[in-house]
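Please read the following walk through a predicted model with the structure at hand. The text begins at the DNA and then turns to the protein chains.

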Protein chains: 2
Amino acid sequence: MPDTLSRTFSALADPTRRALLARLRLGDATVTQLAEPFLTRMTLPGVTKHLKVLEKAGLVTKGREAQWRPCTLNVVPLKDAARWMDAYRAEMDASLDRLGEFLKTVAPPAATTPTSADPSDDRHR
Amino acid sequence: MPDTLSRTFSALADPTRRALLARLRLGDATVTQLAEPFLTRMTLPGVTKHLKVLEKAGLVTKGREAQWRPCTLNVVPLKDAARWMDAYRAEMDASLDRLGEFLKTVAPPAATTPTSADPSDDRHR
DNA sequence: TCCTTACTTTACCAACCAGCTAATTAACCG
DNA sequence: CGGTTAATTAGCTGGTTGGTAAAGTAAGGA
């Protein structure tokens, strides 16, 4: 029984679960609707299990409508995760990607005014 | 052997590892230096293992200086994780927290001009 | 009442993860 | 060389995870 943040990150550490969240971003859906794209890869109980992980992490809430369980995305735990990441925002912005890093070592440190346009610029908003 | 994003989130899904990253944010450190705060809770091989997880996720790079292994933080994988989260930025901003949500249902939808100051505002940057 | 649809639970398996102790490698230092 | 320090590796255990098949629950409808 780990802490909330760990459970959130743990829930995100699976491509199937991320895909389920992405699907829910488009709107609520029942379990079978959610499972449908994955049924070639895995069985329905498998999807149910993934959903339970997401539910325990608080990322999904399951409703109850007759025999259907409409699932809803809940981003609140994501906020905490994003807030944790924000502590690293500064060094993320500072660090260029590998290519940029390499170019930085090759080119002289007269960096801020390159020849014409800097392609490794303007990422993230 | 999961995908990169899964390995990143998985590496973050442990408070010890997050603490190691937080420590590295202050600057490089050797394994024993990193381990020191945790040695009451766990042994050194335990910390080594956690570091290996972080290394495999590309979040930490280990150098080699005589018998020391200076560790460096590498935020590049974090950028991908942050970019993934950005897809949910809109609904994160839209959704207020549980309290806010509740207040929203109680108060009329004349929301955008609250009485005086909105406390659940101005988070994130 | 019985069937169908929707979904969950149970029981099992293999793989992995977190932790330990003990042993090993590797480098420096006297 | 022998000892000390730094760190890893090996081998074990117990718990969790991801998947399955098969059985079970619950509601709607003929």
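Which of the 21 residues around DNA strand C come nearest? They are A:Thr30, A:Val31, A:Thr32, A:Pro45 and B:Gly46. Three elements give two or more residues each to the surface near DNA strand C: from chain A, helix 3 (31–35) and helix 4 (44–56), and from chain B, helix 4 (44–56). Helix 4 of chain B supplies five residues, the largest share of this surface. Sorted by class, the surface near DNA strand C holds nine polar, eight nonpolar and four charged residues.

The next point is how the two chains are arranged. Chain B is superposed on chain A by a rotation of 180°, with 0.0 Å of shift along the axis and an RMSD of 0.0 Å. The two copies are therefore related as by a two-fold rotation axis. Both copies use the same surface, as 96% of the contact residues of chain B recur in chain A.

Within chain A there are seven helices and two strands. Read from the N terminus, the order of its elements is α-α-α-α-β-β-α-α-α, and helix 3 and helix 4 of this chain are among the elements that contribute to the surface near DNA strand C.

Two further values describe how chain A is packed. Chain A has 125 residues, of which 21% count as buried. Among the contacts in chain A with a separation of 6 or more, 51% are between residues 24 or more positions apart.

Conventions
Residues numbered from 1 in each chain as written. Chains lettered and ligands numbered in written order. Predicted model: local features only at pLDDT ≥ 70, side-chain atom pairs only at ≥ 80, totals over all residues. Least-squares fit on C-alpha atoms with pLDDT ≥ 70 in both. Contact = placed C-beta atoms within 7 Å. Near = placed C-beta within 6 Å. Helix = DSSP H or I, 4+ residues; strand = E, 2+ residues; numbered from the N terminus. Nonpolar A, V, L, I, M, F, W, Y, C, P; charged D, E, K, R; others polar. Buried ≥ 20, exposed ≤ 12 C-beta atoms within 10 Å, placed from the backbone.
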